[in-house]
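Consider how the helices of this model pack within one chain, and then how that chain meets its partner. The structure is shown below.

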Amino acid sequence: MLTILKKDLADFFNSLVAYITIGIFLLVTGLFLWVFPESSILDYGYAGLDSLFNVVPYIFMFLIPAITMRSIAEERKEGTFELLATRPLTDWQIVIGKFLACLSIVLLALIPTLIYYITVYQLGVSPGNIDSGAVIGSYIGLLLLGGAFTSLGIFSSAISKNQIISFAIAVFLCFFAFSGFESISQLLSLQNIGSYITGLGINQHYQSISRGVLDTRDLLYFLSFISLFLLFTHIILRARKW
Amino acid sequence: MSIVVNKISKVYGQQKAVDEISFSASPGKILGFLGPNGAGKSTTMKIITCFIPQTSGSASVCGFDLMENPMEVRRNIGYLPEHNPLYLDLYVKEALGFMADIYQIPKKHKRIAEVIELTGLGDEQHKKIAALSKGYRQRVGLAQAILHDPKVLILDEPTTGLDPNQIIGIRNLIKDLGKTKTVIFSTHIMQEVEAICEQVIIIDKGKIVADDDLKELKNKNGQGSLEEIFIRLTHMS
């Protein structure tokens, strides 16, 4: 498992994928947070990182599929999957190793944004006037959200040999899982069970963690979400016919 | 006998890719696996290496059954797949280090240096695999296959696309390895078979049409080159 993680990370850093995705992530969050007037902290006037935490899920929606789209699709297309599958590795080791490799890139993209926190911390009228609990909660939320998107991405990468198709499917799945359920629950005929449907979506749980309250239900939701899609990936790999 | 294959079949939908083949291979004897394209050579190799499951039949490698003990089977096999897939974005040493980690090879740096020496990769060892020519990529593939010193080597068309000098290099390497290991390799080059194989299996449309020592095969089928025998056997059916 760790060997796969190591290999995939080496792959990411050798092929510039890691640098470019992390760079673009920081560029976009930086623009949203400091430059674009609609979401800029300077225009907003309050010492909070809310606009960052509101925009990152939407950036992740595109960025994480871009990171994960190669992971299994390319191995299958290039035939290197045969190389992996005929070595003494279980399918679980392959799936989890790949998941962790992609998640590490997400984590590496998130870490530099701590600078934004420090900056806002200093910028407050009296320095330190920021709701640190909510920020910590939001970071944990983002990490869990990243994990959920990564598991969706790995799953999409397993169902197609074509990277573009995996990317498109992953973006759709991420979007749907994030806010699709909420929108569906607003359908008139579903209003009786609306709150249950909303509870299936990621957004509600993300928002709840972002408030700084780490509820075990939310944690359990994310962990089961991730496990479920890794399990689906495993099933697909087992049923290999290629 | 380190490889025993017993009535293995593989069915893809309506098509029988491999039809109840049985054979065995033992150390010290290089086995040439011949057959027209689409005869089922690669499929058989993929089954033996536990990449795809067989539809029926059983097989064992070094005494381990494919179905019951796939991890041990994989540990004992060195496999070079057809078309030699490689991680092009990795450096040669990174790729070998990755394989060494999978097999948890002790003293891996020493072993990697040995294998690089053995496969003649010395001059290219600091390059990215993507920067290597085809012949050197083939050597990387072979180096990956022999890294953990497996008892059984399965090589799917290891010499396609190489120039004559490279072919001879790889051939000699296979010949050396075959002295102590069980080697199965497939090829379309008949001279190659005559040069290094002792046992020959010819397979056509999923069935074995000949399984014999090279000399016996020639005696039985009258005089003539292996090429003529091959054409006769695979055209009959």
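In this predicted model, helices α12(A) and α13(A) are oblique to each other, because angles that are not roughly parallel, antiparallel or perpendicular count as oblique and theirs is about 135°. The two helices cover residues 202–210 and 216–238 of chain A, and their axes are 10 Å apart. The crossing of α12(A) past α13(A) is left-handed. On the α12(A) side, the contact is formed by His205(A), Ser208(A) and Ile209(A), and on the α13(A) side by Asp218(A), Tyr221(A) and Phe222(A). Sorted by class, three of these residues are nonpolar, two polar and one charged.

A second helix pair in chain A is α7, residues 91–110, with α9, residues 132–159. Their axes come within 9 Å and cross at roughly 140°, which makes α7(A) oblique to α9(A). This crossing is right-handed. From α7(A), the contact includes Val95(A), Phe99(A), Cys102(A), Leu103(A) and Val106(A), as well as Lys98(A). From α9(A), the residues in contact include Leu142(A), Leu143(A) and Ile154(A), together with Gly146(A), Gly147(A) and Gly153(A). By class, the contact of α7(A) with α9(A) has ten nonpolar, five polar and one charged residues.

The remaining topic is the interface between chains. Here 17 residues of chain A are in contact with 20 residues of chain B. On the chain A side, the elements that give two or more residues are α1 (2–14) and α6 (80–85). Helix α1(A) provides the largest share, five residues. The side of chain A that touches chain B has five nonpolar, six polar and six charged residues.

Notes. Residues are numbered from 1 along each chain as its sequence is written. Chains are lettered from A and ligands numbered from 1 in the order in which they are written. This is a predicted model: local features need pLDDT of at least 70, side-chain atom pairs count only at pLDDT 80 or more; totals for chains, interfaces and linings use all residues. Two residues are in contact if their C-beta atoms, placed from the backbone, lie within 7 Å. Helices (H or I, at least four residues) and strands (E, at least two) are DSSP runs, numbered from the N terminus. Ala, Val, Leu, Ile, Met, Phe, Trp, Tyr, Cys and Pro count as nonpolar, Asp, Glu, Lys and Arg as charged, and the others, Gly among them, as polar. Axes are lines fitted to C-alpha atoms, for helices over the stretch in contact, and angles run from 0 to 180 degrees between N-to-C directions. Angles under 35 degrees count as roughly parallel, over 145 as roughly antiparallel, 65 to 115 as roughly perpendicular and the rest as oblique. A crossing is left-handed if the near helix is turned anticlockwise from the far one by less than a right angle, and right-handed if clockwise.
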